[in-house]
Amino acid sequence: MKKIIIVTIIFFNFKILAHDDHEKLPCIQKIPLEDYKDVEAINKHLEWHGATNSIIQKAPCKNLSTLNPEELNSYFFKKSQESKSNLNASVHGVNFSNESPALIDAFTSLTTAMDGFGFSKVPSRQKNFQKDFSINPECKKVLCAVTKIWGEDLGKKILYINLKHHFNASEYAFENSDRLKLDEIDDVIMGMEDLPKHLIPLGRSNQRLTHFSRGYGLKGDSPYVAANSVVMLFDTWTKEPRFERQYSVFHEMSHNVATRLGDMDEVPSWLKLSGWVKKGDSWNKNPNACFTTEYGLTNPFEDYAESLSTYRYNPKPFKESCPEKYNFIKDKVFKGKEYLSQESCSDVPSDKLSKFATSLAAGVEKELASVSLDKKIISEKCLSTFSQYPISEENIKTCKLILVKEQLAQNSSANLKILLSKENIQSNSPQLAQIQSQIAEIMISQGMLGIADDSISETSKNVFNENINQLINDSLPKKNDGKISGLEGMTNFSYSFNENCRQEIWDGIQASRRKCAIDFILKDEKKWQSFSSSRYFKKLNIPESFDKASIEALRERFHSEIEKQLIESDILDSFMSKSIEETKKMTKQYFSNKEYFIENEKSDWKKMTPQDFCQKMYNSPSDYYVKYIIPKNSNGYPGFLSWCEEKQSSKTKRFTFSEKELNDWVDSKIN
Amino acid sequence: MKKLKAFFALSAFLFSINAFSKISWKEYVYSKLPEPIRFIKIKTDLKSVEKNIGKAQLVEKNKHYYELEGFKYSLEIIYQNKGVKEFSYTFMGNRPSIDTLELETAKLTSYLPTGKSGGRFLKFEDKDGEIIIDAVSKNIYSVRIRK
């Protein structure tokens, strides 16, 4: 017997000790996104940020170009020249010879397995990179090694972020990370490099900046959390428009700025600006204080991050509406630098900028011969790409292309041929893809403009209908083996359906439910599309050159087509059926929770008459339940009051129904 | 029998270091609390608390709030039957590092997640209460003691 107990204890402890080191066990609590059911969090998800995609793009001194290979190579060359003597080293099975110590350190950081927060190393997860990627003997340098592991573009950019910004974007370094895609890492870099120079590098030693495991979120977060300041990027971030992704990166960097500047987001002078007072876990604010975004109302930390982001990307309204807060950020964070105009934030002296603009315009005019450039276009579209002096060749090229694009939008494609020939661009040139993509953008722009202007034309109608069919197929949840899957459609639909159509759910008339569902989908969609975002369908990609009337016409057309499709589609019935089951479940949970209400909300229940008890306890519940549980615009659950009185004990004044009785009652009312 | 007892003792020891190496978070945090607050324990009566740290600047029902070091309110004490039921303290200035704690990262969850950003705080919670960690600077932001 003793032996059995001893063996059991040894085995038990072995399992406990082995637990932390187990390779497959996640060391961060993560849960599948489908499991989130936080009604409040989902309903609170509004467009809260300080700038839209197009405003961010047009922000003065915005970094608009991605790093090209020449810039990266030039950076690494300079970095490798910083050390006087190179080293031979072996890192996780890979041997390097005569390599810069800085690059060896960076490679070590990128390939050393840590826990999810970078608190400590996790030896059980440590890879042997030589074994997995056969780096030697072909590679003896770090640049070559990162290319073997991640591919040339991604590898160099991951290395660049580590060296320049002190953030670690390697999925091998931190648990529950997935590899960043190229467009994602470009947005990370562009967002980070919108910071003022004196705050770069911002990362603490080897700080995480990775994409969290795709399809998962951190426990405690809602599915709408795009990122955190650890820094983890989530699926919601990936789905944001590109410039909004950069805004989100900047927002998270702003939290890190607060830390860098001595937890500036909680110093008395910052808290005083909005009257922030901490009471336990919650924060109260002065109701008359000035905020830049609705999101900033949450707590002083988000207030700070949103204020910095708005300062950087949309400063004019910020300065006008909250001058005190604006000046605090200006003086204490940005060292007086402002982003109100190209002149105020550019590192290029204004006289040189003006001179350069004139010569650039002349050069492009000469190349295109037949067109003349509007100086206003140069100032609005082109100079915004210049924030550093001397202006790089790459930025000059980008600027020329922007100007040419403006012309091409109004002229025939013959001009493109002129441009290609003048620029000596060959068919295999890296710039060709860029130009082609711009041509495509122009074509889309022209095509969509046609749709907006000619919305009654049969041809465009057919083209548009095909597009809508595709949008619905891509966006709404699919039926797989009888089950409905898909995060966005079903989660959004379920909660919105319950909130907006509860009366119809209780009425039990399928046609009314359907009409209500279509109405709120369209209402939601119109609201979200007006923020250049989307809730159920893909974002309507409206070219920036559209005027307001064209945008409205296109949106109207888009929504009328969606309405038609929804009326004809039978997938809505599957949605509704699933949502009604959710409503039943929530209603049953609510009634089952009566002890909570007795203890926390209605402590004087013993003094109530039976009628009062039913009325106050269950038919006039808290604001939360009025909003989320009982049928909208009603005084309670239809027919519930009389049922309650029947089922209540006159002695204890408590319900005496069984769970089965409750379930039967709910099932009989909602069907 | 002695061997069996020894194994039980070893078992308990190994179990405890699995949760927190060397020292529990509660012991560690208590050692970092300012001297007058360190005195507060669960069930300490209201009079003793007020004798040591004075009256609260704000009282809302059974919740007493103290402004310390110019920060409103770094201390919250919740009473039940005039004894401390739980209290929370927000560290200001020199915050304790988490390096010596060896927290189980599997138990960390997001704290104050709002809107699109998860912010910079993580929460660790067990039967004794919770600690809020600033994941960026890797120190303890606040603590709540419940037991």
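Which residue in strand 10 of chain A is the bridge partner of A:Ala227? Please keep that question in mind while I introduce the model, which I should say at once is a predicted one.

Let me begin with chain A, which has 671 residues, of which 33% are buried, and which contains 32 helices and 14 strands. Of the contacts in chain A with a separation of 6 or more, 66% are between residues that lie 24 or more positions apart.

Now to the opening question, and to the sheet it concerns. In chain A, 4 strands form an open sheet with mixed pairing, and their order across the sheet is 5-7-10-9. At its edges are strand 5, covering 177–178, and strand 9, covering 227–228, each of which pairs on one side only. Strand 9 of chain A pairs with strand 10, residues 232–233, in the antiparallel sense and over 2 bridges. The residue we were looking for is A:Leu233, which is the bridge partner of A:Ala227. As background for those of you who are new to this, the strands of a sheet pair through backbone hydrogen bonds, in either a parallel or an antiparallel way.

Staying with chain A, I would like to look at a pair of helices. Helix 7, residues 142–150, and helix 8, residues 152–165, have axes that come within 7 Å and cross at roughly 125°. Because of that angle, helix 7 of chain A counts as oblique to helix 8 of chain A, and the crossing of these two helices is right-handed. The residues of this contact divide into 7 nonpolar, 2 polar and 2 charged. On the helix 7 side they include A:Leu143, A:Val146 and A:Trp150, while on the helix 8 side A:Leu154, A:Ile158 and A:Leu159 are among them.

Let us turn to chain B, where 34% of the 147 residues are buried. Chain B has 4 helices and 8 strands, and if you follow the chain from the N terminus, the order of its elements is α-α-α-α-β-β-β-β-β-β-β-β. Residues 24 or more positions apart make up 39% of the contacts in chain B with a separation of 6 or more.

How are the strands of chain B ordered in their sheet? The 8 strands form an open sheet with antiparallel pairing, in the order 1-2-3-4-8-7-6-5, and the edge strands, each pairing on one side only, are strand 1 at 58–60 and strand 5 at 109–110. Within this sheet, strand 2, residues 63–68, runs antiparallel to strand 3, residues 71–80, and 5 bridges join them; B:Lys63, for instance, has B:Ile78 in strand 3 as its bridge partner.

I would like to finish with strand 8 of chain B, residues 139–145, which is largely enclosed by the rest of the structure, because 6 of its 7 residues are buried. It is joined by 4 bridges to strand 4 of chain B, residues 83–90, and these two run antiparallel, with B:Tyr89 standing opposite B:Val143 in strand 8. Strand 8 of chain B also pairs with strand 7, residues 129–134, again in the antiparallel sense, over 6 bridges, and here B:Gly129 has B:Ile145 as its bridge partner. Strands 7 and 8 of chain B form a hairpin with 4 residues between the strands, and in this hairpin B:Lys138 takes a positive phi near 55°.

Terms used:
Residues are numbered from 1 along each chain as its sequence is written. Chains are lettered from A and ligands numbered from 1 in the order in which they are written. This is a predicted model: local features need pLDDT of at least 70, side-chain atom pairs count only at pLDDT 80 or more; totals for chains, interfaces and linings use all residues. Two strands pair if DSSP finds at least two bridges between them. A residue is buried if 20 or more other C-beta atoms lie within 10 Å of its own, exposed if 12 or fewer, and partly exposed in between; C-beta atoms are placed from the backbone. Two residues are in contact if their C-beta atoms, placed from the backbone, lie within 7 Å. Axes are lines fitted to C-alpha atoms, for helices over the stretch in contact, and angles run from 0 to 180 degrees between N-to-C directions. Angles under 35 degrees count as roughly parallel, over 145 as roughly antiparallel, 65 to 115 as roughly perpendicular and the rest as oblique. A crossing is left-handed if the near helix is turned anticlockwise from the far one by less than a right angle, and right-handed if clockwise. Ala, Val, Leu, Ile, Met, Phe, Trp, Tyr, Cys and Pro count as nonpolar, Asp, Glu, Lys and Arg as charged, and the others, Gly among them, as polar.
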